[in-house]
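Visitor: I should like to take a close look at one part of this structure, the surroundings of its bound ligands. Would you please guide me through that part and then through some residues of interest elsewhere?

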Amino acid sequence: MKLKEVAQKNAPEITSLIVAVTLWQIVAEFIIKRELLLPSFFDVVSSFISTVESGTLFIDFSISLMHFGIGVIAALLIGIPVGIVMGWFKTVNRISDPIIEILRPIPPLAWIPFALVWLGLTHTAAGFVIFVGAVFPIIINTYTGFKSVSKINVEAAKVLGCVKQRSLIRHIAFPSSLPSITAGIRIGMGVGWMCLVAAEFFGVSKNGLGYKLWWHYGLHQMDFVLMYMFMLGILGLTIDKVFRKYIDKRLLKWQSGVVV
Amino acid sequence: MGKVSIENVSQYFINREGYKTQALKDLNLEIKDKEFVCIIGPSGCGKTTLLRIIAGLENPSSGKVTLDGEKITKPDPKRGMVFQEYSLFPWRTVIRNITFGPEMQGMDKNKSEEIAEEYLKLVGLEQFKNSYPYELSGGMRQRVAIARALANDPEVLLMDEPFGSLDAQTRNVLQSELLDIWEKKQITIAFVTHSVDEAVFLADKIVMLTSRPGKITNIIDVNLPRPRNRTSPDTNQFRDRVLKILAEERVKE
Ligand SMILES: Nc1ncnc2c1ncn2[C@@H]1O[C@H](COP(=O)(O)OP(=O)(O)OP(=O)(O)O)[C@@H](O)[C@H]1O
Ligand SMILES: [Mg+2]
């Protein structure tokens, strides 16, 4: 009953997926015929089932999430305060701006050698690369949010007795910048996720979605490679969706009037 | 107590091209404790600037403003302000906008909510307690801003065209409510308006400004007894007098 309703409602999307998978299966099995070049849909499904059954997929998920978590949490802990003081205090901005502008354009993956030298083959090293990817969007967006706090809100707060810089930041500037900050976090998490495969490439661990992708590539098991690619996509999408949902529901309810 | 003295206040603004605007010139005005003063003047004559200086949001280029003899240099909850433009905190619900002031003064949550509800009732918005500002109309937002300023229990309340965006009906109701509060709380009010009707109904004293540079041209004592009647012959006569003075000023310009 319910399933039928869902199917009816999403008919175009479901049709599109079924057609794509069917085409893929036909092309892989009857036209290309070489698993190395293009594994078929069923090859990928069977590799999925085997990794689920052995439990390795779960471990890979956890390890990757750990790397990602280390990087993102560090980026939040550093990026948000840095963005806040840069956006709020003009002198801090002028002092830190040139440094940030020099570091920012460096691709996060270029930091890998130093990550390894400084931190060795550790989870933290993988986390560091993700951190570098995630931190700049968070800084920049927090900064922008704080820059664009409306003057009238600050003045209204002052007249109501909220005069200390710390209180103004906490009660006015921070909540008013939250849309910008969360947008920065989303972008930062996206960039961090992109860095995950490369960050795990060097074998900081024998598990992890990114590491496994390289490892199976080494064994020419392209069905596994493709399966891990899909897993990276799905997990990345899920993280973004969950975060977005939480933010919109809990933190940005007051924005519903705004056209995004 | 809330006696405001404005002594020789001038205010310039210098824009990016170095061009100087004189918003106020040599203003002298005494607002007595518990007095209701209305300020009338053409657009751009410096009414907002004057209120901002009293609030402490702006420091005058010269001269000084004192509250009970103490020089005003920065904002203080003793001097509340209702802004001309939209100033609610969009991320806070209506009730939390109103509790903001009391919370900042260190009042506990329950107590401040109690007070907020009282003022919410006063402006007729109880059922919008948990709405966000974007869900309110312009006039409703303004009423919340008024409740927010009142909930902070100021000694001097500065109101910059607070009823400008309201319909006549609501405007009349709120004028009466404001007078009630003013009498009950024994506060000083400086109220900017464009409406002579409003000024004659509310004020003890009407201050007229001219523009560029903003100067006081007339101070009219409104010695009509309270409670006032909007349409009594006395009121009508007085209103005619004020309108006549305004017209004369316009001719002079
Ligand atoms: N921050 C500022 N920078 C430059 N000029 C300003 C500034 N604030 C006000 N002015 C100028 O000072 C003059 C007085 O402005 P003000 O806002 O006090 O007018 P007002 O009497 O409140 O007008 P209205 O009735 O339209 O609200 C105007 O000419 C305005 O351009
Ligand atoms: Mg004004």
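Guide: The account that follows begins with the metal ion, continues with the other ligand, and then turns to individual residues. Please keep in mind that this is a predicted model.

Let us begin with the magnesium ion, which is ligand 2. Its protein donors are Thr48(B), through atom OG1, and Gln84(B), through atom OE1. These donors lie 1.8 to 2.2 Å from the ion. The two residues belong to distant parts of the chain, being 36 residues apart. Thr48(B) sits in helix H1 of chain B, which covers residues 47-55. Gln84(B), by contrast, is placed in the loop between strand E6 (79-82) and helix H2 (94-104) of chain B. Thr48(B) is partly exposed, because its relative accessible area is 25%, a value that falls between the limits of 20% and 50%. Gln84(B) is partly exposed as well, with a relative accessible area of 38%.

Thr48(B) leads directly to the other ligand. There are 14 residues around ligand 1, and those that come nearest are Ser43(B), Gly44(B), Lys47(B), Thr48(B) and Thr49(B). A side-chain N or O atom of Thr48(B) is 2.5 Å from an oxygen atom of ligand 1. For Thr49(B), a polar side-chain atom lies 2.6 Å from an oxygen atom of the ligand. Glu161(B) also takes part, with a side-chain N or O atom 3.4 Å from an oxygen atom of ligand 1. On its own, ligand 1 exposes 630 Å², and the protein buries 65% of that area. Strand E2 (20-31) and helix H1 of chain B are the elements that contribute two or more residues to the shell around the ligand. H1(B) gives the most, with 3 residues. By character, the shell consists of 8 polar, 3 nonpolar and 3 charged residues.

Glu161(B) deserves a second look. This residue is located in the loop between strand E7 (156-160) and helix H5 (168-185) of chain B. Glu161(B) counts as buried because its relative accessibility is 17%, and the limit for a buried residue is under 20%. Although Glu161(B) is not a glycine, its phi angle is positive, at about 45 degrees.

A positive phi is also found at Asn8(B), again not a glycine, where the angle is about 50 degrees. Asn8(B) is part of strand E1 of chain B, which covers residues 4-14. With a relative accessibility of 43%, Asn8(B) counts as partly exposed.

Strand E1 of chain B also holds Gln11(B). Gln11(B) is buried, with a relative accessible area of 3%. Among the residues that Gln11(B) touches are Thr21(B), Gln22(B), Ala23(B) and Leu24(B), together with Thr49(B) and Ile53(B). Here Thr49(B) appears once more, as a residue with a polar side-chain atom 2.6 Å from an oxygen atom of ligand 1. The C-alpha atoms of Gln11(B) and Ser43(B) are separated by 16 Å, and the two residues are 32 residues apart along the chain.

After helix H1 comes a further residue of interest. Gly56(B) is in the loop between H1 and strand E4 (62-67) of chain B. Its relative accessibility is 6%, and therefore Gly56(B) counts as buried. The residues touched by Gly56(B) include Ile72(B), Thr73(B), Lys74(B), Pro75(B) and Arg79(B). Measuring from C-alpha to C-alpha, Gly56(B) and Lys74(B) are 4.2 Å apart in space, while they are 18 residues apart in sequence.

Another backbone feature of chain B is the cis peptide bond that joins Arg226(B) and Pro227(B), with omega at about -5 degrees. Pro227(B) is situated in the loop between strand E10 (215-221) and helix H7 (233-252) of chain B.

Finally, chain A offers two buried residues to examine. Ser64(A) lies in helix H4, which covers residues 56-88 of chain A. Its relative accessible area is 0%, and therefore Ser64(A) is buried. Ser64(A) touches residues including Leu196(A), Glu200(A), Gly208(A), Leu209(A) and Gly210(A). His216(A) is located in helix H10 of chain A, residues 209-218. With 5% relative accessibility, His216(A) counts as buried. Its contacts include Gln221(A), Phe224(A), Val225(A) and Tyr228(A).

Technical notes
Residues are numbered from 1 along each chain as its sequence is written. Chains are lettered from A and ligands numbered from 1 in the order in which they are written. This is a predicted model: local features need pLDDT of at least 70, side-chain atom pairs count only at pLDDT 80 or more; totals for chains, interfaces and linings use all residues. Side-chain values use heavy atoms; hydrogens and water are left out. Donors are N, O and S atoms within 2.8 Å of the metal (3.2 Å for Na, K and Ca); water is not among the atoms, so sites may look incomplete. Helices (H or I, at least four residues) and strands (E, at least two) are DSSP runs, numbered from the N terminus. Buried means under 20% relative accessible area, exposed over 50%, partly exposed in between (1.4 Å probe, protein chains only). A residue is near a molecule or strand if one of its heavy atoms lies within 4 Å of it. A polar contact is a pair of N or O atoms within 3.5 Å; within protein, one must be able to donate a hydrogen and the other to accept it, and residues adjacent in sequence count only if both atoms are side-chain atoms. Accessible areas come from the Shrake-Rupley method with a 1.4 Å probe; for residues, only the protein chains shown count as cover. Ala, Val, Leu, Ile, Met, Phe, Trp, Tyr, Cys and Pro count as nonpolar, Asp, Glu, Lys and Arg as charged, and the others, Gly among them, as polar. Contact means heavy atoms within 4.5 Å. Lists of a residue's contacts leave out its neighbours within four places in sequence.
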